[in-house]
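The exercises below are to be worked with the sequence and the coordinates open side by side. Each task sentence is followed by a solution that goes step by step.

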Amino acid sequence: MADKYLELVNSGFTKNLAKSLGLPRPSILRRHTPGAPLVPGPLLLLGDSSGAQELADTLLAWGLDVRRHAVGVARLGGIVLLLDELADPGELSAPMLAAGAALRQLAPGGRVVGISRPALPADAPAVAAVRQGIDGALRSVGRELRGGATANGIVLAEGVPATAPSALAALHFLLSGRSAYVSGQFLAVDSAEGKLPEDFGRPLAGKVAVVTGAARGIGASIAATLHRDGATVVVVDVPAAGDALAKVANQVAGTALQLDITRPDAGEKIIEHALARHGHLDIVIHNAGITRDKLLANMDAARWDSVIAVNISSQLAMNEAFLAADLPGLRIVSLASTSGIAGNRGQTNYAASKGGVIGMVRASAAAFAAKGGGINAVAPGFIETDMTAKIPVATRAVARMLMPSLMQGGLPVDVAEAIGFLASDAAAGINGRTLRVCGQSLVGA
Amino acid sequence: MSEPLQAIRPAVVIGGNRIPFARSNGAYSKASNQDMLTAALDGLIARFGLQGQRLGAVAAGAVLKHSKDFNLVRESVLGTSLSAQTPAYDVQMACATGMEAIGSLANKIKLGQIDSAIGGGVDTTSDAPIAVSEGLRAVLMDLSRARSTSAKLKALSKFRPRDLAPHAPGTGEPRTGLSMGDHQAITTKAWNVSREAQDELALASHKNLAAAYERNFFDDLITPFAGVSRDTNLRADSTLEKLATLKPAFGRNLGADATMTAGNSTPLTDGASAVLLGSEEYARENDLPMLANFVDFEAAAVDFVHGAEGLLMAPAYAVARILERNNLTLQDFDFYEIHEAFAGTVLSTLAAWESEDFCKNKLGLDAPLGSIDRSKLNVNGSSLAAGHPFAATGGRIVATLAKMLHEKGSGRGLISVCAAGGQGVVAILEAR
């Protein structure tokens with residue numbers, strides 16, 4: 001098992017043995033625990049664009065030890081590269097080399113976060129070149145980091161400052177333990193919408209959240225995470241999973257709703273329950289999903305159709321109901337999958353449904369924004385759950401070997417943390433996007 | 001001079017939960033009463049978000065109970081996420097246990113003594129207590145009292161090998177030695193209830209229960225348990241032809257008049273149920289639904305020992321009294337939930353209410369209570385299809401009827417549950 005291996009190569013005699021044998025040594029990732037510091041050491045802020053001082057002041061106000069150079073710092077908690085005003089590839093040299101010089105000081109579980117602008121067709125070619133270049137450079141940093149450190153980027157739409165609420169919320173998320181299994185990814189901030197939480201420890205305080213497919217696995221972890229972050233949680237799953245669902249509900253002090261989400265009135269039932277029992281509905285997590293893997297050559301209609309019905313058609317129908325109802329500010333996060341991006345052998349049906357989710361959130365963003373809300377997706381990579389346990393052993397073993405950056409599968413909580421971030425009001429400036437939680441690999445369900 | 005009555009307020013049925021009922025020695029054969037009751041409570045707590053709440057009381061019970069389960073309900077509550085400050089107690093009134101528990105709790109709510117409560121019941125015939133014989137018990141008790149070695153030896157000398165035979169509980173009446181089914185067979189014959197009529201009632205029960213599952217009626221009334229998500233006794237594909245092939249199981253000494261089969265009698269069943277009750281204020285403060293008012297309940301008992309009345313006919317008497325007290329007629333109901341201990345029980349009871357002789361001479365009425373609209377009887381199935389874990393049946397019926405009344409939005413329902421010992425409890429619910 002990956003967990004046992006992780007333990008062995010990180011402790012005691014077996015740690016040295018693994019070292020001398022040259023075995024891959026995945027690190028124990030730095031995950032969020034309430035009350036823990038945001039980063040495991042001082043933060044190095046690189047880049048001299050006009051917003052640098054304001055950003056530094058904000059980070060100082062968060063209680064961080066912010067440095068403008070790394071000299072004399074034994075262990076850096078993170079490196080933030082403010083690259084939003086670069087106009088030519090030549091300008092990338094200074095900040096990247098400064099970051100490189102500091103990388104050896106980066107603590108285990110440290111963070112590298114770049115802040116830049118999107119490369120658009122209308123840009124001057126040199127501007128687009130440096131912007132797109134940042135993408136490649138940061139992804140490569142992610143590949144080079146060890147010790148559970150990660151590198152990610154925030155891409156600010158033109159006119160959105162680095163201190164916009166969602167930019168800061170994204171930075172907070174990417175620096176924190178909540179983003180442990182997110183690496184080589186870019187969060188696009190489209191607007192200056194959003195409101196930072198009064199307490200970053202309870203960003204969902206007062207919210208009512210519905211989680212579908214919550215009886216086990218990632219869904220149960222999402223329910224627990226949203227509850228930890230302050231939300232009142234309604235857990236939904238098929239009636240046949242009701243006993244496991246009841247346990248989850250009782251653990252998170254929420255309410256259980258036994259409901260088949262493929263029923264035509266599923267959206268109305270969810271709204272009815274949330275409003276009657278909790279007064280409002282602020283967050284919906286479309287997590288329910290199934291796999292019916294088969295090579296396409298052997299695929300039958302039952303397998304194909306059931307996966308499409310549960311994983312995407314039900315979400316489309318429920319979203320119609322949510323849009324038709326008066327639910328101001330409703331934020332939706334939907335579960336996609338890296339299979340829907342990179343494809344996966346034996347998962348044509350699943351990949352179609354999960355690719356569908358990515359398309360759906362992109363095309364639904366405007367409608368939900370019009371109601372003051374938003375919709376995004378999270379695409380998990382290889383996450384150790386009951387569902388991935390059904391993947392053939394050989395495929396699973398190969399999958400783990402193909403994880404060059406963090407060298408391990410993620411945990412359900414890693415997905416849940418990303419969902420909690422996107423579900424928060426602070427993420428209101430992020431809309432229609434898909435965030436991968438894949439440890440910078442593209443394998444798995 | 002009696003004290004003036006305390007002002008009373010409505011007691012409201014908020015909702016219910018049960019685990020699917022399973023035929024004896026089947027899916028739940030390794031589950032204890034405490035396991036099942038805890039599961040039923042857990043599902044109810046999850047449905048209504050009661051975690052951490054201190055409820056006014058939890059009352060439930062089991063007909064077949066191990067002596068170690070003397071505090072069955074309190075122990076079950078301690079295994080849930082309810083506040084540990086929730087009082088709980090055991091009730092036992094044979095098959096009317098659940099109704100008595102729920103009715104008594106409703107009374108406490110009406111009197112303002114408590115604001116919220118859970119009532120219910122549980123039973124297993126798969127994990128039934130088996131007792132040592134009276135002989136062995138007497139020896140063991142003497143042994144425990146003996147001080148000296150010689151006294152201990154003397155006590156042991158009274159032991160006989162035959163004392164080793166264990167005593168399992170049965171459904172026989174202690175005072176008559178007859179099984180409940182054999183008692184009902186006498187009543188069924190006395191009321192001239194035909195085999196066909198019993199089989200038709202059994203078939204309707206299965207069809208109605210299956211249809212209720214099909215329209216997702218039980219989605220918010222049942223939580224699966226031990227891998228079971230539907231009552232295992234349900235035979236959706238049953239037919240009159242199949243039922244007609246079954247041989248009589250009770251009253252076989254009646255020869256050609258023996259009409260009661262395994263198909264038109266309830267099987268031994270394991271299961272548990274729980275119903276959440278509260279005052280209107282409690283429901284409003286906690287944003288909980290109000291399905292129905294628990295209006296009134298009434299118990300009756302008959303002298304079946306000397307043959308004056310059939311063992312399971314007490315509800316016929318209780319209904320007459322509760323109707324009079326509430327100024328209602330038998331026809332003033334939109335739903336009738338008459339527990340199907342046996343199809344013959346339901347049909348004998350209906351026949352008694354139609355009988356001028358019975359209503360005049362036994363109930364002391366001027367006119368018969370009359371007949372009921374059979375399309376309003378057990379419309380979502382009853383015990384013949386769902387099964388009958390003795391103490392759990394009351395909770396099943398109250399929650400089901402309350403939901404039916406709420407869906408209809410008006411009207412009232414009548415519940416009738418017969419019980420061993422010649423007893424019965426009936427109740428009236430009103431839609432909200």
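Two strands pair if DSSP finds at least two bridges between them, where strands (E, at least two residues) and helices (H or I, at least four residues) are DSSP runs numbered from the N terminus. The model is predicted, so to speak of a local feature a pLDDT of at least 70 is needed, and side-chain atom pairs count only at pLDDT 80 or more, whereas totals for chains, interfaces and linings use all residues. Residues are numbered from 1 along each chain as its sequence is written, and chains are lettered from A in the order in which they are written.

**Exercise 1.** Determine which residue stands opposite A:L43 in strand 3 of chain A, and place the two strands in their sheet.

Solution. Strand 1 (residues 43-46) and strand 3 (residues 76-82) of chain A pair in the parallel sense over four bridges, and A:L43 stands opposite A:G78. Helix 3 (residues 52-61) of chain A packs on the sheet and touches strand 1, strand 2 and strand 3 of chain A (contact requires C-beta atoms, placed from the backbone, within 7 Å). The sheet itself is open, with six strands in the order 2-1-3-4-5-6 and parallel pairing; its edge strands, each pairing on one side only, are strand 2 (66-67) and strand 6 (186-189) of chain A.

**Exercise 2.** Find how the chain passes from strand 8 to strand 9 of chain A.

Solution. Strand 8 (residues 232-237) and strand 9 of chain A pair in the parallel sense over four bridges, and A:D237 stands opposite A:Q258 in strand 9 of chain A. Between these strands the chain runs through helix 8 (residues 242-251) of chain A, in a β-α-β crossover that is right-handed, that is, clockwise from the first strand over the helix to the second with the strands pointing away from the viewer. From strand 9 (residues 255-258) of chain A, A:T255 and A:L257 point one way and A:A256 and A:Q258 the other, and all are buried (20 or more other C-beta atoms, placed from the backbone, within 10 Å of the residue's own).

**Exercise 3.** Describe how helix 4 and helix 5 of chain B pack.

Solution. Helix 4 (residues 134-145) and helix 5 (residues 149-157) of chain B pack at an angle of about 180°, with their axes 8 Å apart; axes are lines fitted to C-alpha atoms over the stretch in contact, and angles run from 0 to 180 degrees between N-to-C directions. Helix 4 of chain B is therefore roughly antiparallel to helix 5 of chain B (an angle over 145 degrees). In this packing, B:V139, B:D142 and B:L143 of helix 4 meet B:K152, B:A155 and B:L156 of helix 5.

Key. A residue is buried if 20 or more other C-beta atoms lie within 10 Å of its own, exposed if 12 or fewer, and partly exposed in between; C-beta atoms are placed from the backbone. Angles under 35 degrees count as roughly parallel, over 145 as roughly antiparallel, 65 to 115 as roughly perpendicular and the rest as oblique. Two residues are in contact if their C-beta atoms, placed from the backbone, lie within 7 Å.
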